[in-house]
Amino acid sequence: MPGKREVIKLAVLASGSGTNLEAIAQSIDDGEVPARIALVLSDNPEAFALERARRRDIPTRVIRLSDFPDRPSYDRAVVAALQEAGVDLVALAGYMLLAGPELVRAFSGRIMNIHPALLPSFPGTHGVRDALGHGARVSGVTVHFVDEGLDTGPIIVQEAVPVEEGDNEESLHNRIHQAEYRAYPLAIRLFAEGRLVVEGRRVRVLPEGP
Ligand code: GRF
């Protein structure tokens, strides 16, 4: 666990647009998060997240599932890339693949995901759509440690987002995104400051040091 004033090396795994990557990078630039993004890794060569990384001179890697005979060998290649970059923390940010056991075990306690709903409600790929379809009055965002299940790991940060009359998937997701841009940098900051202690299912947040 890094000490309070150290700067951790972070990898962001993203398959799509990468607005969370952008928010994390911006909060680092603003001095709010003691981290450096050492690698942006994607399974999708077309991911706009890669372009965002290039614009910020952040190293990128594309590792495509289709280039590997099976999932374990793909995951081993991802783990090797992350270890090569010497990363302390892996942040999944719109990474469309469920992290495989090889990846989870290699970075146990050092891998986070962001989910656009208040877990354990509405896990899976369509968290926003499912909350809306269910008629939830409140949804939100969850940052959690990743275990081998689907969106099941210990919860680090949550922020509620009310569902408004007339919301559709896009309008609700837009407001959830705004909460994500606060929640993910906060979770990464707490980790980087060595303030997250996992006790079973609960994550204890230690008070800020002197
Ligand atoms: C976010 O809503 C995140 O919660 C979900 O995927 C989306 C990624 O958005 N896992 P972006 O690529 O960061 O813009």
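**View 1. The ligand occupies the largest pocket of this predicted model**. Three elements each give two or more residues to the shell around the ligand: helix 1 (19-29), strand 5 (111-115) and helix 6 (169-192). Of these, helix 6 gives the most, with three residues. If you would like to select the whole shell, the residues surrounding the ligand are Ser-17, Gly-18, Thr-19, Asn-20, Gly-94, Ile-114, His-115, Pro-116, His-173, His-177 and Glu-180.

**View 2. Backbone atoms of the protein meet oxygen atoms of the ligand**. Start at Asn-20, where a polar backbone atom is 2.8 Å from an oxygen atom of the ligand. At Ser-17, a polar backbone atom and a ligand oxygen are 3.5 Å apart. Pro-116 also takes part, with a backbone N or O atom lying 3.5 Å from an oxygen atom of the ligand. Taken alone, the ligand would expose 370 Å², and the protein buries 85% of that area.

**View 3. Phe-68 and Tyr-74 form the one aromatic pair of the structure**. Their ring centres are 5.8 Å apart and their planes meet at 75°, so the pair is edge-to-face, the class for angles over 60 degrees. The two partners have their own levels of cover: Phe-68 is partly exposed, at 27% relative accessible area, while Tyr-74 is buried, at 0%.

**View 4. The loop between strand 5 and helix 5 holds Pro-120 and Phe-122**. Helix 5 spans residues 127-134. Look here for a cis peptide bond, which joins Leu-119 and Pro-120 with omega at about 10°. Phe-122 has a positive phi, near 55°, although this residue is not a glycine. As background, most residues other than glycine have a negative phi, and most peptide bonds are trans. Phe-122 counts as buried because its relative accessibility, 17%, is under the 20% cut-off.

**View 5. Asp-151 sits in the loop between strand 6 and strand 7**. The flanking strands cover residues 138-145 and 155-162, respectively. Asp-151 is another residue other than glycine with a positive phi, here near 60°. With a relative accessible area of 13%, Asp-151 is buried.

**View 6. Leu-89 lies in strand 4**. This strand runs over residues 89-92. Leu-89 counts as buried, at 0% relative accessibility. For a sense of distance, try Leu-89 together with Glu-208: they are 119 residues apart in sequence and 20 Å apart in space, C-alpha to C-alpha.

Notes. Residues are numbered from 1 along each chain as its sequence is written. This is a predicted model: local features need pLDDT of at least 70, side-chain atom pairs count only at pLDDT 80 or more; totals for chains, interfaces and linings use all residues. Side-chain values use heavy atoms; hydrogens and water are left out. Rings of Phe, Tyr and Trp (its six-membered ring) pair if their centres lie within 6.5 Å; planes under 30 degrees apart count as stacked, over 60 as edge-to-face and the rest as tilted. Buried means under 20% relative accessible area, exposed over 50%, partly exposed in between (1.4 Å probe, protein chains only). A residue is near a molecule or strand if one of its heavy atoms lies within 4 Å of it. A polar contact is a pair of N or O atoms within 3.5 Å; within protein, one must be able to donate a hydrogen and the other to accept it, and residues adjacent in sequence count only if both atoms are side-chain atoms. Accessible areas come from the Shrake-Rupley method with a 1.4 Å probe; for residues, only the protein chains shown count as cover. On a 1 Å grid over the protein atoms alone, a cavity is a set of points where a 1.4 Å probe fits but cannot get out, and a pocket is an open set with protein on both sides within 12 Å along at least five of seven lines; lining residues have an atom within 4 Å of a point. A molecule sits in a cavity or pocket if more than half of its atoms lie within 2 Å of its grid points. Helices (H or I, at least four residues) and strands (E, at least two) are DSSP runs, numbered from the N terminus.
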